[in-house]
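Here are a few short exercises to work through with the model open in your viewer. Try each one yourself before reading the solution.

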Amino acid sequence: MAVVVWSAEFLTPFGTLFLIMFLLLFAGVIVPAVWSHHRHRRHAAHRVLVLLLQAARDVLAALRRVLIR
């Protein structure tokens, strides 16, 4: 059984920023996309999620091209 130990090393400035961004994404996009009773909210959250994922894919592709050179 693995034991996870949280340390101050995880909460570096980058780790803190990543955690905040993940929580904002989760609370603002993913939760409404899945659990909203209103169809228009689910649809809007789904469109935003698709746009965010496409942007992330484009950024990663650009980084990959830069690093390969």
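**Exercise 1.** Work out how many helices and strands the protein has.

*Solution.* Going through this predicted model, you should end up with two helices and zero strands. The helices are H1, residues 13–35, and H2, residues 39–68.

**Exercise 2.** Find the angle at which H1 and H2 pack, then classify it.

*Solution.* Start with the axes: they lie 7 Å apart, and the packing angle is about 130 degrees. Next, compare that with the cut-offs: 65 to 115 degrees is roughly perpendicular and over 145 is roughly antiparallel. The angle fits neither class, so H1 is oblique to H2. As for handedness, the crossing of H1 past H2 is left-handed.

**Exercise 3.** List the residues that make the contact between the two helices, and sort them by class.

*Solution.* Take H1 to begin with: it contributes Leu25, Val29, Ile30, Pro32, Ala33 and Val34. From H2 come Arg42, Ala45, His46, Val48, Leu49 and Leu52. Sorting them gives 10 nonpolar residues, one polar and one charged.

**Exercise 4.** Is Arg41 buried, exposed or partly exposed?

*Solution.* First place Arg41: this residue sits in H2. Its relative accessibility is 47%, and since partly exposed runs between 20% and 50%, Arg41 counts as partly exposed. For a distance check, its C-alpha atom is 9.7 Å from that of Val29, 12 residues away along the chain.

**Exercise 5.** What percentage of the protein's residues is buried, and what supplies its exposed area?

*Solution.* Of the 69 residues, 6% are buried. The protein exposes about 6,500 Å², and 72% of that comes from carbon and sulfur atoms.

Definitions and conventions: Residues numbered from 1 in each chain as written. Predicted model: local features only at pLDDT ≥ 70, side-chain atom pairs only at ≥ 80, totals over all residues. Heavy atoms only, no water. Axes fitted to C-alpha atoms, helices over the stretch in contact; angles between N-to-C directions. Helix = DSSP H or I, 4+ residues; strand = E, 2+ residues; numbered from the N terminus. Parallel < 35°, antiparallel > 145°, perpendicular 65-115°, else oblique. Left-handed = near helix turned anticlockwise from the far one by under 90°. Contact = heavy atoms within 4.5 Å. Nonpolar A, V, L, I, M, F, W, Y, C, P; charged D, E, K, R; others polar. Buried < 20%, exposed > 50% of the residue type's maximum accessible area, 1.4 Å probe, protein only. Areas by Shrake-Rupley, 256 points an atom, 1.4 Å probe, with all protein chains shown as cover.
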